[in-house]
Amino acid sequence: MMEAFSYPFFQHALLAGILAGIACGLTGSLVVTHRLVFLSGGIAHAAYGGVGLALFLGLSPQAGIFGFALLMALVMAWVSRRAKHRADTVIGVLWAFGMALGVVLADLTPGYKGDLMGFLFGSILTVSTADLVGMLLLDLLLLAACVAFYHGFVASAYDEEFARARGVPTNFLYFLLVGMVALSVVMVVRVVGLILVIAFLTTGPFFAEKATRSLSAMMAASVLCNAVFAVIGLFLAYYLNVSGGPAIILVAVTFFFGSLLLPGARAAFSPGKKQA
C-alpha cells in the first residue's frame with residue numbers, strides 16, 4: 001500500500017477522487033432530495049457534445065464540456081419547469097442529441113483527437129496539479145452556494161409549493177441547482193468520465209440518505225462515502241491494473257447493494273423528508 005503512495009500520479013489521483021467526492025456529495029445530495037436524478041443524467045451525457053464541439057473548433061475540451069453542459073442544463077431545467085408532463089421525453093432527446101453530436105463532430109475533426117475514451121470513462125491517473133487547484137476552487141464555489149442557499153434548498157425539497165408561497169425563490173434555486181450539476185460534471189469528468197458521473201453523483205447520497213436526519217448531515221455523509229469509494233477504488237485499480245474510474249464506481253455500487261442486505265434496508269426505499 002505504501003508503495004502506491006510513493007508515486008506522484010497516484011497522490012494526484014487520490015486528491016482528485018476526494019475533491020470530486022466533495023462536489024458530488026454536496027450536489028448529489030441536492031439532486032437526490034429534489035428527485036432530479038434523470039435530469040442530472042441527461043446533463044452529464046449530453047455534455048459529450050461539448051467534447052466534440054471543442055475538438056472541432058480547436059478549443060479546450062474542459063471549456064467545451066462546461067459550456068455545453070451548462071447550456072443543456074438550462075434548456076432541460078426550462079423545459080421541466082414549463083412542461084413537466086413532457087420533461088422526461090425532452091431530456092431523453094437532448095441526452096441523445098448531445099452524445100450523437102459529440103461523436104459526429106469528433107469524427108469530422110481532422111488529425112489526432114487524443115484519448116476520447118478518457119472523457120467517457122475518466123483518466124484520473126493523468127490529473128495535474130493545475131487540475132487539482134481548479135477542482136478545489138470549484139469545490140469552494142459549490143460549498144459557498146450550499147451554505148448561502150441552504151435553507152431555501154431544504155424548503156424547496158420538502159414542499160416546493162409551500163416554499164414558493166412563503167417567498168422562497170424556488171425557480172432561481174432550481175436553475176442554480178442544475179448549474180451546480182453542470183459544474184460537478186466538469187470536475188468529475190476527469191475522475192470517472194461522463195458515462196459514469198451519474199453514479200458518483202447519486203450512489204453516495206442514496207447510501208447516506210436514510211442514515212441521516214438532515215440535509216446537512218446527508219451532505220457530510222455523502223462526501224465521506226464518496227471519499228471512501230474513491231480511495232478503495234483507486235487502490236483496487238492500482239493492484240489489479242484496471243481503469244481507475246470504473247473501479248471507483250464498482251466499489252460504490254458494491255457498497256450500495258451490500259447495504260440492501262442490512263436489517264431495515266427496505267426502509268431505504270420508503271419516502272421521507274430531510275429536516276433543516
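**Exercise 1. Classify Glu161 as buried or exposed, and identify its salt-bridge partner.**

*Solution.* Glu161 has a relative accessible area of 52% and is therefore exposed, given that exposed means over 50%, buried under 20% and partly exposed in between, with a 1.4 Å probe and protein chains only. This is a predicted model, in which local features need pLDDT of at least 70 and side-chain atom pairs count only at pLDDT 80 or more, whereas totals for chains, interfaces and linings use all residues. Residues are numbered from 1 along each chain as its sequence is written, and side-chain values use heavy atoms, with hydrogens and water left out.

The next step is the partner: the side chain of Glu161 meets that of Arg164 in a salt bridge at 3.0 Å, N to O, where a salt bridge is a side-chain nitrogen of Lys or Arg within 4 Å of a carboxyl oxygen of Asp or Glu. Both residues lie in helix α10, three residues apart, about one turn of the helix; helices are DSSP runs (H or I, at least four residues), just as strands are (E, at least two), and are numbered from the N terminus. Arg164 is partly exposed, because its relative accessible area is 34%.

**Exercise 2. Starting from Glu160, trace the network of salt bridges to which Arg81 belongs.**

*Solution.* A search of the whole structure finds three salt bridges. Glu160 takes part in one of them with Arg164, at 3.2 Å from N to O, and these two residues of helix α10 are four residues apart, about one turn of the helix.

Glu160 also meets the side chain of Arg81, at 2.5 Å from N to O. That pair links distant parts of the chain, since Glu160 belongs to helix α10 (residues 160-165) and Arg81 to helix α5, 79 residues apart. The two ends fall into separate accessibility classes: Glu160 counts as partly exposed because its relative accessibility is 21%, while Arg81, at 18%, counts as buried. Taken together, Arg81, Glu160, Glu161 and Arg164 form a linked network of salt bridges. As general background, side chains of opposite charge can pair when their charged atoms come close.

**Exercise 3. Test whether the end-to-end distance of helix α5 agrees with its number of residues, and list its buried residues.**

*Solution.* Helix α5 covers residues 61-82, and its 22 residues should span 32 Å at 1.5 Å a residue, the expected span being 1.5 Å times one less than the number of residues. The end C-alpha atoms are 31 Å apart, so the two values agree.

The buried residues of α5 are Pro61, Gly64, Ile65, Phe68, Ala69, Met72, Ala73, Met76, Ala77, Val79, Ser80 and Arg81. Ile43 touches several of the residues in this helix, its contacts being Ala69, Ala73, Met76, Val178, Val181, Ala182 and Val185 when residues up to four places away in sequence are not counted; contact here means heavy atoms within 4.5 Å.

**Exercise 4. Find which residues touch the most other members of the largest nonpolar core.**

*Solution.* A nonpolar core is a set of buried Ala, Val, Leu, Ile, Met, Phe, Trp, Tyr and Cys residues joined through side-chain atoms within 4.5 Å. The largest one has 76 residues, and Ile43, Val192 and Ile248 are those that touch the most other members.

**Exercise 5. Determine which helix gives the most to the nonpolar surface patch, and follow the chain just beyond that helix.**

*Solution.* The patch, of about 650 Å², is made by Phe207, Leu224, Val228, Ile232, Leu236, Leu240, Val242 and Phe255. Patches consist of residues with over 30% relative accessible area and no salt bridge, like charges being joined within 9 Å and nonpolar side chains (Val, Leu, Ile, Met, Phe, Trp, Tyr) within 5 Å; the areas come from the Shrake-Rupley method with a 1.4 Å probe, and for residues only the protein chains shown count as cover.

Helix α13 (residues 215-240) gives the most, with five residues. Leu240 is placed in this helix and is exposed, because its relative accessible area is 58%.

Asn241 is found in the loop between α13 and α14 (244-259), and its phi is near 60°, a positive value in a residue other than glycine. At 69% relative accessibility, Asn241 therefore counts as exposed.
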